[in-house]
Amino acid sequence: MTTLHFAETLRELVGGVDVVLSDIWGVVHNGLESFPEACEALHTYRSRGGTVILITNAPRPADSVQRQLRKLGVADETYDAIVSSGDLTRLYVADHPGRKMFWLGPERDNSIYRGLDAKTAPLEEADYIVCTGLYDDETETAEDYRGMMLKARERKLTLVCANPDIVVERGDRLIYCAGAIAELYRELGGEVIFYGKPHRPIYERAMRLAGERQGHMIDRKKVLAIGDSVRTDLTGAREFGIDCLFVTRGIHSEEFEGLDQLDPASVMELFGHPPKALMRELKW
């Protein structure tokens, strides 16, 4: 019988856990404000010898993510390191010198190619696409880019998706991300390379950093992922072979509203394979 454990606190789940790989958006903040109890929980876990690596599908390098966290009041002491899908996308760009890139995304994401020898070009002249998001995620959806994606497919351009998320919280709203455009392009027959959760490279990089902090190779049985997305956080953790604590206050909050237990059929419908535990919001 498929059952779920509803946890009240993080401390009841981290006995024997050396490393926490925590999502940021939806767990630590909602884009407009931080969650103090979540930050305190991660800081307390660190103070007791644990290592916290923040893993995020933010299409920006780690230092840019850190600046945003500071603005939202998330102290540096909350975590040991940050790994972003933006970091991995930058590696792809660096590995393709001389090739022309069509960059699709808002101006705030221009750090994706900062300091790199990246040549930008119009879609008609580009060798590949880097998508960090929609130009205006306040008003647009992926459908607004169907015509552009059809032109890209005709040219057989590879689209590098720097944020596999479909939607993300911004305050009390959900806005579309680069993953929505990437999935549309894939449906149209285009080639897509995804960086970030649920794909392995971001977990492998996080584990290397955790091993450096701990001074030894990390046993995956001693790792706990924390996230709020079935598609990225839960799926990524499961496929990488680590346990996952699922936070329900995030993008799936409406589906869990008022629930404190789920029958087996509902568990399978919502999760497929259930997480280690559910928690409304992260707290120690």
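In strand E12, Cys244 is the bridge partner of Ala225. Ala225 belongs with the story of strand E11 (residues 223-227), which runs parallel to E12 and is joined to it by 4 bridges. Strands pair here if DSSP finds at least two bridges between them. Strand E12 (residues 243-247) has 4 of its 5 residues buried, so it is largely enclosed by the rest of the structure. Buried means under 20% relative accessible area, exposed means over 50%, and partly exposed is in between, with a 1.4 Å probe and protein chains only.

A word on what is being looked at: this is a predicted model, in which local features need pLDDT of at least 70, side-chain atom pairs count only at pLDDT 80 or more, and totals for chains, interfaces and linings use all residues. Residues are numbered from 1 along each chain as its sequence is written, and side-chain values use heavy atoms, with hydrogens and water left out.

Taken as a whole, the chain has 9 helices and 13 strands. These are DSSP runs numbered from the N terminus, helices being H or I with at least four residues and strands E with at least two. With 284 residues, a compact globule would have a radius of gyration near 19 Å, and the chain agrees, at 19 Å. That radius is taken over C-alpha atoms, and the globule rule is 2.2 Å times the number of residues to the power 0.38. The C-alpha trace spans about 55 × 45 × 30 Å along its principal axes. Buried residues account for 56% of the 284. Of the contacts between residues at least 6 apart in sequence, 73% join residues at least 24 apart, a contact being heavy atoms within 4.5 Å.

Next comes an open sheet of 5 strands, in the order E5-E4-E6-E7-E10 and with parallel pairing. Its edges are strand E5 (119-120) and strand E10 (191-194), each of which pairs on one side only. Further in, strand E4 (residues 100-104) and strand E6 (residues 128-131) pair in the parallel sense over 4 bridges, and Trp103 has Val130 in E6 as its bridge partner.

The loop between E5 and E6 holds Ala126, which counts as buried at 0% relative accessibility. Apart from neighbours within four places in sequence, Ala126 touches Lys100, Met101, Phe102, Ala121, Arg155 and Leu157. Tyr203 is a long way off by comparison with those contacts: Ala126 and Tyr203 are 77 residues apart in sequence and 30 Å apart in space, C-alpha to C-alpha.Lys156 sits in the loop between helix H4 (146-154) and strand E7 (158-161). Its phi is near 55 degrees, a positive value in a residue other than glycine. Lys156 is exposed, with a relative accessible area of 74%.

Then there is the stretch after E10. The peptide bond from Lys197 to Pro198 is cis, with omega near 10 degrees, and Pro198 is placed in the loop between E10 and helix H6 (200-214). Both Lys197 and Pro198 turn up among the contacts of Thr232, along with Asn57, Asp165 and Tyr203, once neighbours within four places in sequence are left aside. Thr232 itself is found in helix H7 (residues 230-240) and is buried, with a relative accessible area of 2%.
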